[in-house]
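Colleague: I'd like to learn how to read a model like this one, feature by feature. Could you walk me through it?

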Amino acid sequence: MAQLVFVLWAVATILFLMFRLMPTNPLAAYIDPTFTEEQQQLLMAKFGLDRPLWEQYFIYLKNLLQGELGDSFFYRQPVGERVLELLPNTLVLTFSSLIVAYLFGIIVGAWLAWKRDSVAERATIPLVLTTRAMPEFWLGMLLLAVFSFTLGWFPAGGTRSPGSEYDGYLALYTSRDFLSHLVLPALTLAIYSQGLPLLLMRSNMLEVMNEDFVTMARIKGLSNWTVVVRHAARNALLPVMTSFAIAVGYQIQGNVVVETVFSWPGLGRELVNAVSASDYPLAQGAFLMIAVVVVLMNLLADLLYSLLDPRVSHA
């Protein structure tokens, strides 16, 4: 917990300095070309940018502790409200893609370990490494070209069809329209992400299958299915499950590219737009929210590991 607080403070400090030390005027997107020098100075004073840097820093930390992230220059609304509007879309995309990737990776990884040195394993491992090495934006554009532009099976982007209205997130996320928009971006991330759980599960299974308790299960005459699922796979799952929590945090960072390709209204796409428009408060808030999710998911992975393996907490 102490490390978590320190990391968040360090990230917040870096973000504060990064946006204030940039060569462009932080209010470039806000200042109208017709503004006089006096009006520009009044605007700088309104946002506290006329004060010394150290004073701005302490005000910034104070506002963060109170949950204040400032106002967006472009949307003219509090950054916190805008970030919370987009965060659910990013989380839905992240979790749906990772659930698919980890289910596939766990099942296929366990099967490849059982079929070690087979033709299937020698053919599958290079394919997995190839998909892992593919750039996400290239993979996304390839899926768009095939399944959207050529076959017309799925929409090209966004979360809903033009003109459609839904009463709240639950109605939107359970609609067929939303699910059809979710398929391609989620599939892009799932194809890219399945390599880690698959290779991790395979490696753990190969180690576990040499353990004495697996040998004993075979000697007892248990079926191959029982040996693999109830004994080997169950014990090999521990590192894979804890890696899921870490993957959630890092997947949100990777969503920046995929959300941009598919025009997905999430934190990643908004971050790109905010930087392009010099909307520093919004970019700073989006960066900070992504960092908070990454740090919290790493903490969850530590806690989950100690819960799943009592030996860790007793060490």
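Modeller: Gladly! Let's start with burial: a residue is called buried if its relative accessible area is under 20%, and exposed if it is over 50%, with partly exposed in between. This is a predicted model, and of the 315 residues of its chain, 41% count as buried.

Colleague: What are the helix and strand counts in the chain?

Modeller: There are 14 helices and 0 strands, so the run of elements from the N terminus is α-α-α-α-α-α-α-α-α-α-α-α-α-α. As for contacts, take those between residues at least 6 apart in sequence: 74% of them join residues at least 24 apart. The accessible surface of the chain is about 17400 Å², and carbon and sulfur atoms contribute 66% of that.

Colleague: Which residues of helix 12 are buried?

Modeller: Helix 12 spans residues 267-276, and its buried residues are Leu 267, Gly 268, Glu 270, Leu 271 and Ala 274. Looking down the axis of helix 12, you find these buried residues within an arc of 160°, so they line one face of the helix.

Colleague: Now the backbone. How should I read the sign of phi?

Modeller: Most residues other than glycine have a negative phi. Ser 263 is not a glycine, yet has a positive phi of about 50°. Ser 263 sits in the loop between helix 11 (224-261) and helix 12, and with 34% relative accessibility it counts as partly exposed. On the other side, helix 12 is followed by Ser 278, whose phi is also positive, near 60°.

Colleague: And the aromatic rings: how many aromatic pairs does the structure hold?

Modeller: The structure holds 9 aromatic pairs. A pair of rings is described by the distance of the centres and the angle of the planes. Take Phe 6 and Trp 9: their centres are 5.8 Å apart with 40° between the planes, a tilted pair. Both belong to helix 1 (residues 2-20), and because they are 3 residues apart there, about one helical turn separates them.

Colleague: Is Phe 6 buried or exposed, and what about Trp 9?

Modeller: Phe 6 has 53% relative accessibility, so it counts as exposed. Trp 9 has 44% and therefore counts as partly exposed.

Colleague: Which residues form an aromatic cluster?

Modeller: Phe 16, Tyr 57, Phe 58 and Tyr 60 form one aromatic cluster. A ring can also have a charged partner: Arg 132 lies over the face of Tyr 192, 4.7 Å from the ring centre.

How values were computed. Residues numbered from 1 in each chain as written. Predicted model: local features only at pLDDT ≥ 70, side-chain atom pairs only at ≥ 80, totals over all residues. Heavy atoms only, no water. Buried < 20%, exposed > 50% of the residue type's maximum accessible area, 1.4 Å probe, protein only. Helix = DSSP H or I, 4+ residues; strand = E, 2+ residues; numbered from the N terminus. Arc of directions from axis to C-beta. Phe/Tyr/Trp six-rings, centres within 6.5 Å; stacked < 30°, edge-to-face > 60°. Lys NZ or Arg CZ within 6 Å of the ring centre and 35° of its normal. Contact = heavy atoms within 4.5 Å. Areas by Shrake-Rupley, 256 points an atom, 1.4 Å probe, with all protein chains shown as cover.
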